[in-house]
Each structure stands twice: as C-alpha cells, then as structure tokens.
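Here's a walk through a protein chain, from its empty spaces to a few residues worth a look. Have the viewer open as you read.

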Amino acid sequence: TVQAGAVFVTYGGPSGLSVPTAGQGGAWQRVDKSMGLGGAALKAYDHFGYQLVAGNFNGDTYNGRPCIDIAVASAPIYRAKISAGQVSPSVAHGAVSVVRGGPGGLTASGSQHLEQGSMAGGIAIKDMEEYRDLFGAGLAITAADTDGFDDLIIGAWGEDADAGAAHILRGSSQGITAVGQ
C-alpha cells in the first residue's frame, strides 16, 4: 500500500546487531498495520513509523529481562480529497499503535490503537480527533509516577488551531491506560 509505512526491528545478540540480508533472513522483524494492531487497518499515506519510542508499558519480563514494547505513530499527510466535485482537506488527525514485546519479539496480541477519544484501559483519551490535530507527532517515554511502569507522552501538535497539547498516558499491567491522564 502506497506510503502506508512499516517499522523494521533488528535484534541484537552476542555479536551485535543482526542485519537483515536479502534472501538470508536474520534476527529481524517487520511491524506494520497489516498485523491488526488493536483494530488498526493498513491505509495508504498513513506513514506508520513517523515517530517511535520503546519502553516497557506493561512491566512484563522474560528470564529476568524486560519485554520491550514500542509505541508507533501514524501521521497522515495533508492532501486534498475530491468528492462530488468538492475539494476538502484530509483529516490528518494521527494515531498511535502500541505493540507488545514478548519472549518471541513483538506481537499484535494485546496491542492497542490509540486516538483522541478512543478507549485506553477502560477510559477515553481526552478530547476528540479533529482535523489537523496530528496526535502522535511527538512521542516520549517518562516515569510520570512511581508505579514501575513506563508511561507514554503523546504530542498533538495541531490541537486547538495549532496551540498543541500533550497527553500523558500511564502504563499498567494491562498496557497503556487513560486512567489518571
């Protein structure tokens, strides 16, 4: 799909990173929305991978090591749509997919698709998606509290006519939650 985007993860080992070689495989993984990440769908011009951060949002471990999750932003570009003879801009509201890490690498199982107004941990993320919000234009990991889970900051640079906003969403044993945002 045209400019849908993807993320390639290369795994390290005793000899360093395992760089993928054409026809030879290697310790790497492709992640994109065709995996069904929390209900996200593969779409043209989605630019999945526009921003990316890695952290342990649900606190899981394997053999005493943290299973690292990734938060990946999609940032649709601005483009005009022509429908019934009328030109209107694209939505460009943005979204973030959280992909869980586990013993076998990244998995779609338990993944989350986050947008403004969507549910995260049983609570809606504040605000509603609007034209040009660019939710996910900035991502960062923080420790907003002392519960031991990594927390996620999601920037919405275009919120409120480009005034901008930052959403601080907490990590929990179930993943990212809007509780206490």
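## The sealed-off space

A cavity here is a set of grid points where a 1.4 Å probe fits but cannot get out, and a residue lines it if it has an atom within 4 Å of a point. Keep in mind that this is a predicted model. Searching the whole structure turns up 1 cavity of 30 Å³ or more, and the volume of the largest cavity is about 30 Å³. Its lining is made up of Tyr-50, Ser-74, Ala-75, Gly-94, Leu-134, Phe-135, Gly-136 and Ala-137.

Strand β15 (residues 135–142) gives the largest share of that lining, with 3 residues. Sorted by class, the lining of the largest cavity holds 5 nonpolar and 3 polar residues, and no charged ones.

## The chain as a whole

Stepping back, the protein chain has 1 helix and 18 strands. It runs to 181 residues, of which 38% count as buried. Take the contacts between residues at least 6 apart in sequence: 51% of them join residues at least 24 apart.

## The open pocket

Now for the largest pocket, which has a volume of about 490 Å³. It is lined by 18 residues, and the closest to its centre are Tyr-11, Pro-66, Cys-67, Ile-68 and Gly-102. Two or more lining residues come from each of β1 (7–10), β7 (65–66), β11 and β12. The lining of this pocket splits into 10 nonpolar, 7 polar and 1 charged.

## A hairpin and the loop after it

Two of those pocket strands are partners: β11 (residues 95–102) and β12 run antiparallel and are joined by 6 bridges. Together they make a hairpin, with 2 residues between them. To find the pairing in your viewer, pick Ser-97, whose bridge partner in β12 is His-113.

Move on to the loop between β12 (105–114) and β13 (119–120), and you reach Glu-115. Is Glu-115 buried or exposed? Its relative accessible area is 17%, so Glu-115 is buried, as the cut-off for buried is under 20%. Beyond residues up to four places away in sequence, Glu-115 touches His-93, Gly-94, Ala-95, Ile-125, Glu-129 and Phe-135. Two of these names, Gly-94 and Phe-135, also appear in the lining of the largest cavity.

## Arg-30 and its company

Arg-30 sits in strand β4 (residues 28–31). Its relative accessible area is 45%, so Arg-30 counts as partly exposed. The side chains of Arg-30 and Asp-32 are joined by a polar contact of 2.8 Å.

Which residues does Arg-30 contact once neighbours within four places in sequence are set aside? They are Ala-6, Val-7, Phe-8 and Met-35. In the case of Ala-6, the two residues are 24 apart in sequence, while their C-alpha atoms are 6.8 Å apart in space.

## Two unusual backbone angles

Most residues other than glycine have a negative phi. Leu-134, one of the residues lining the largest cavity, has a positive phi near 55 degrees. You'll find Leu-134 in the loop between β14 (123–124) and β15.

Asp-160 is not a glycine either, and its phi is positive, at about 50 degrees. Asp-160 belongs to helix α1 (residues 159–162). With a relative accessible area of 52%, Asp-160 is exposed, because the cut-off for exposed is over 50%.

Note on methods: Residues are numbered from 1 along each chain as its sequence is written. This is a predicted model: local features need pLDDT of at least 70, side-chain atom pairs count only at pLDDT 80 or more; totals for chains, interfaces and linings use all residues. Side-chain values use heavy atoms; hydrogens and water are left out. Helices (H or I, at least four residues) and strands (E, at least two) are DSSP runs, numbered from the N terminus. Buried means under 20% relative accessible area, exposed over 50%, partly exposed in between (1.4 Å probe, protein chains only). Contact means heavy atoms within 4.5 Å. Two strands pair if DSSP finds at least two bridges between them. A polar contact is a pair of N or O atoms within 3.5 Å; within protein, one must be able to donate a hydrogen and the other to accept it, and residues adjacent in sequence count only if both atoms are side-chain atoms. On a 1 Å grid over the protein atoms alone, a cavity is a set of points where a 1.4 Å probe fits but cannot get out, and a pocket is an open set with protein on both sides within 12 Å along at least five of seven lines; lining residues have an atom within 4 Å of a point. Grid points are joined across faces, edges and corners, and a volume is the space filled by probe spheres set on the points. Ala, Val, Leu, Ile, Met, Phe, Trp, Tyr, Cys and Pro count as nonpolar, Asp, Glu, Lys and Arg as charged, and the others, Gly among them, as polar.
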